[in-house]
Amino acid sequence: MSAVDPLSVPAAAAGSAFAPAREAFATRLGVLLATLGSAVGLGNIWKFPTLTGANGGAAFLCVYLLATFAVALPVMIAELAIGRRARADAVTSFERLAPDGSGRRWRWVGGAGVLAAVLLLAFYSEVAGWVFAYLADAVSGTALSTDAAANAARFGALSADPLRALGWQWLVLAGTALILACGVTRGIEAVTRRLMPVLFLLLALLAVRALLLPGAAEGLKFLFAPDFSKLTAGVVLTALGLAFFKLSLGIGAMVTYGSYFRADQDIPRTALRVMLADLSVSLLAGIAIFPAVFSFGVEPSAGPALVFMTLPAVFAQLPFGGLLLALFFALMAIAATGAMLSILEVPVAWLVQRGWPRPRAALLATLAVALPGVPAALSQGVLADATLFGRTAFELYDFASSGVLMPLVAIATALFVGRAWTRTQFADALGGPAGRPSRLAFALRVLLRWVAPVAIAVVLVQGWIG
Ligand code: PHE
């Protein structure tokens, strides 16, 4: 523990008792867009819309919102508050703010977050690599075939070719590292501030185009028509898992970004805005995708099949299909970039805290991801049969991060803030209008102490046995 007791200083005034001699986000809008950049990712495009459509439309959205407000949003607020109060990377933050004498134990929570970030990025960057490869193809006009089987073969060829799979993954990682090496303000903030508006513009354009298609109503029905009979216990857990992944929780990313928040930033309000904007992106993505899918009578699919096989075939049949496809992959590339910046920043911030110069920290963190990334990249090709517990490296990393580490870190985070901090300390850490009635803090604390840990534990166990 440091000599200063961070919890005895009103955080709303200074943001933290620790002198923020570090870099931080410069503007409030920058804070918002960088955090939104993390939340908006591949999940908005290939997970959210299909899950919503397949699990009851508007009924699923109700459950998603409930899971978000009761569990995900409180954990997000807790992560951001921890980071801003400690003004440090994920590991140091937990260590600094832990009750006396328990710092060494709590820092493992941050350590698990760093590990989760590395594993998550080891396969997320592979998918992002495919996106950039397709973007390059779409721009040069070669990704288009109206035949879904031809597209499947094309995707198979890309993902099974070791050189191309690895090459694109490394390119994507190198780009991310380069941005991070430029710094928090001049790297993360500058890039996300420019890219996020472009993302919304592209999305609006694609959504309007899709709504003008003859099959639009069918697509909207798939997405939104409420079907409460689909709401099983499994669907509720799916919604909770999705809410978590969407808000980038459980890897220390929000702790790290929170440590760059301005002292006057109202954390609950920022989290709510990010969540609503992220939800809008997901819904608009669904509106951009499904009317097109339905107007050509194609079965809606999810994941790589939707993005790399179905959609190119669908877009190819539209006027200016090549252009639309290029715009769509540009949208995906932007979404993936903002998310990857926040994932890689977790180990980078940790190294910087330990005295590494930022560019070198970015290089080392990238190597730490690229190494385990190799078997992930090859798992669609030469290493397809190399499995452990019946899973390829790609699937193993996915399970170890989203299925094990991220929920565990999230539970620990909820308990850390809900139980180790007093109500006043928590209310102070949230920031916002001075003297804001602590009713909000009270409600959030109840959710963090009881509701969130139990709900996440259920998802965790369900993931293991299901
Ligand atoms: N929120 C990102 C998405 O939707 C994924 C992510 C998870 C990013 C965890 C950072 C941390 O794709």
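**Exercise 1. Determine how confident the prediction is along the protein chain, and where confidence is lowest and highest.**

Solution. This is a predicted model, and the mean pLDDT of its protein chain is 91. Of the residues, 94% reach 70 or more. Broken down by element, confidence is lowest in helix α1 (residues 11-14), with a mean of 39, and highest in helix α12 (residues 253-258), at 98. Across residues 1-15 the pLDDT lies below 50; this stretch nevertheless has 32 contacts in the model beyond near neighbours in sequence.

**Exercise 2. State the secondary structure of the protein chain and assess its compactness from the radius of gyration.**

Solution. The chain comprises 19 helices and zero strands. Its radius of gyration is 22 Å, whereas the globule rule gives 23 Å for 466 residues; the two values are close, so the chain is as compact as a globular protein of that length. Along the principal axes, the C-alpha atoms fill a box of roughly 65 × 45 × 45 Å.

**Exercise 3. Characterise the packing of helix α17 against helix α19.**

Solution. First, the geometry: α17 (residues 393-420) and α19 (residues 439-465) pack at about 160 degrees, and their axes are 8 Å apart. Because angles over 145 degrees count as roughly antiparallel, α17 is roughly antiparallel to α19. The handedness of their crossing is left-handed.

Next, the residues: α17 contributes, among others, Phe399, Leu408, Ile411 and Arg419, while the α19 side includes Arg445, Trp450, Ile456 and Trp464. By class, the contact has 17 nonpolar, three polar and three charged residues.

How values were computed: Residues numbered from 1 in each chain as written. Predicted model: local features only at pLDDT ≥ 70, side-chain atom pairs only at ≥ 80, totals over all residues. Heavy atoms only, no water. Axes fitted to C-alpha atoms, helices over the stretch in contact; angles between N-to-C directions. Helix = DSSP H or I, 4+ residues; strand = E, 2+ residues; numbered from the N terminus. Parallel < 35°, antiparallel > 145°, perpendicular 65-115°, else oblique. Left-handed = near helix turned anticlockwise from the far one by under 90°. Contact = heavy atoms within 4.5 Å. Nonpolar A, V, L, I, M, F, W, Y, C, P; charged D, E, K, R; others polar. pLDDT = per-residue confidence, 0-100. Rg over C-alpha atoms; globule rule 2.2 N^0.38 Å.
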